[in-house]
Amino acid sequence: MAIAILYREELKECDFGTGHPFRGDRYELFPQFLRSNLAEDDNYRILKAEPASDEDLLLICQKDYVAFTKAYYKAANLGLSYPGQFSRFHSGDNLPIGRPGKLEEAARLIIGQAKMACNLVQGDKFKKAVSIGGGMHHAKPSYGEGFCLYNDVAFCALYLMRQHKLERILILDTDAHAANGTSEYFYQDPKVLLIDLHQDPRTLYPGTGFAYQIGAGAGKGFTINIPMPVSAGYDSYQLAFESIVEPITQEFKPQVIIRNGGSDPHPVDGLTSLGLPVRGFRMIGEKVREMAKVCDGKVIDLIASGYNKKVLPYAWLALLSGLMGVELEVEEPEPIPQRFVKDPAFTETKKVVDEVKGYLKDCWECLR
């Protein structure tokens, strides 16, 4: 069965301006690369979603935040100043440089794609839907940060619970940065299990996502942070999946898996310090495909991150080929530094896995 890939050319408007790390050309690079390496045919279908309405946004955001964000970024795109207090609603890394694209409109499109993805996987035609541009996991109900305006990861989970009455949702975050925004939405909610693999928060923004942060109240044990050591590579990620992610997924038995994350765990990403080679991204896709057997194959995949444009299309394609289960050889676009040929952080990762299990063993039978 083909997977649905949600994409529109307007995503290129998600552009913070010349000199900013997050540019919109990623949304032109990847579709071209995908089509040139894998025919649409029975592998995937590219579909177009409509932008989210104000009503959609109010599922995840405060009204005053939406109003400010819409007005501020519209003015910025027109080259105008806006009198509102930016720092009240957004961090400095969401401050555009020069004249940005139509950022707020692109952010609405990303939420619209999330909504469509939810409806597709809960329908009859597609088991898996991929939102190109999705995974804005730093955004909070009334505060945007980390290049994120509206949190489509949180939207998916809340929409699936409200509209489709789901009660067990797994969010698997493999972005190199911790999902501080997503975590804030669901920290006390036992219906949403967040498993977050990210670089050690002592060494990378946003500085959250420690192993001891496991949820609170009824949600205790339903936030699982796996802080990967600096330079963690293929063997480290495989260990984390086999020791924690896969057994807990089997025990939780989610009704759908929402995965988000792009190419930023790669060793030459530029903004991060992990060591996952391109074949590791295929492994993640394969693992998710296998894990999804517990929920009739239902996966929503949200993919946007990555800051080395030479690596990004290769890693994204490797992720999707693993998720689709197609035999496709995706090579490294650049030589891997010698120190990453053998996972240099594997011993340290074993300690992290043991630490995570220690905090969670009273919450999950499979970890005892």
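This is a short talk on helix packing, two backbone details and the largest pocket in a predicted model.

Hi everyone, thanks for coming. Please keep in mind throughout that we are looking at a prediction.

Let me start with the helices. Two packed helices are described by the angle between their axes and the distance between the axes. I have three pairs to show you.

The opening pair is α3, residues 63-77, and α5, residues 103-121. Their axes are 7 Å apart, and the packing angle is about 130°. That value makes α3 oblique to α5. On the α3 side, the contact uses V66, T69, K70 and Y73, and these meet L103, E104 and R108 of α5. Sorted by class, this contact has three nonpolar residues, one polar and three charged.

Now stay on α5, since it has a second partner in my list: helix α6, residues 152-163. Here the axes come within 9 Å and cross at roughly 35°. Which hand does the crossing of α5 and α6 have, left or right? It is right-handed. If you want to click through the side chains, α5 brings I110, I111, A114, K115, C118 and N119, while α6 answers with D152, F155, C156, Y159 and L160. The class count for α5 with α6 is eight nonpolar, one polar and two charged.

Just past that helix there is a backbone detail. In the loop between α6 and β4, which spans 169-173, you will find K165. K165 is not a glycine, yet its phi is positive, at about 60°.

While we are on the backbone, where is the cis peptide bond? It joins Y205 and P206, with omega about 5°. P206 sits in a loop too, the one between β5 (192-199) and β6 (223-228).

The third helix pair is α8 with α9. Their axes are 11 Å apart and the angle is about 10°. The two helices are therefore roughly parallel to each other. From α8, the contact takes Y234, Y237, Q238, F241, E242, V245, E246 and T249; from α9, it takes R279, G280, M283, I284, K287 and M291. These divide into seven nonpolar, three polar and four charged residues.

That brings us to the pocket. As a reminder, rolling a probe the size of a water molecule over the atoms shows where empty space is left. The largest pocket here has a volume of about 330 Å³. It is lined by 20 residues, and the closest to its centre are Y234, P277, V278, R279 and E332. Three elements give two or more residues to the lining: α8 (234-252), α9 (278-291) and α10 (312-324). Which of the elements gives the most? That is α9, with three residues. By class, the lining has nine nonpolar, three polar and eight charged residues.

One link to take away: Y234 and R279 belong to the contact between α8 and α9, and both are also among the residues closest to the pocket centre.

That's all from me. Happy to rotate the model for anyone who wants another look!

Note on methods:
Residues numbered from 1 in each chain as written. Predicted model: local features only at pLDDT ≥ 70, side-chain atom pairs only at ≥ 80, totals over all residues. Heavy atoms only, no water. 1 Å grid on protein atoms, 1.4 Å probe; cavity = no way out; pocket = protein on both sides within 12 Å on 5 of 7 lines; lining within 4 Å. Points joined across faces, edges and corners; volume = space filled by probe spheres on them. Helix = DSSP H or I, 4+ residues; strand = E, 2+ residues; numbered from the N terminus. Nonpolar A, V, L, I, M, F, W, Y, C, P; charged D, E, K, R; others polar. Axes fitted to C-alpha atoms, helices over the stretch in contact; angles between N-to-C directions. Parallel < 35°, antiparallel > 145°, perpendicular 65-115°, else oblique. Contact = heavy atoms within 4.5 Å. Left-handed = near helix turned anticlockwise from the far one by under 90°.
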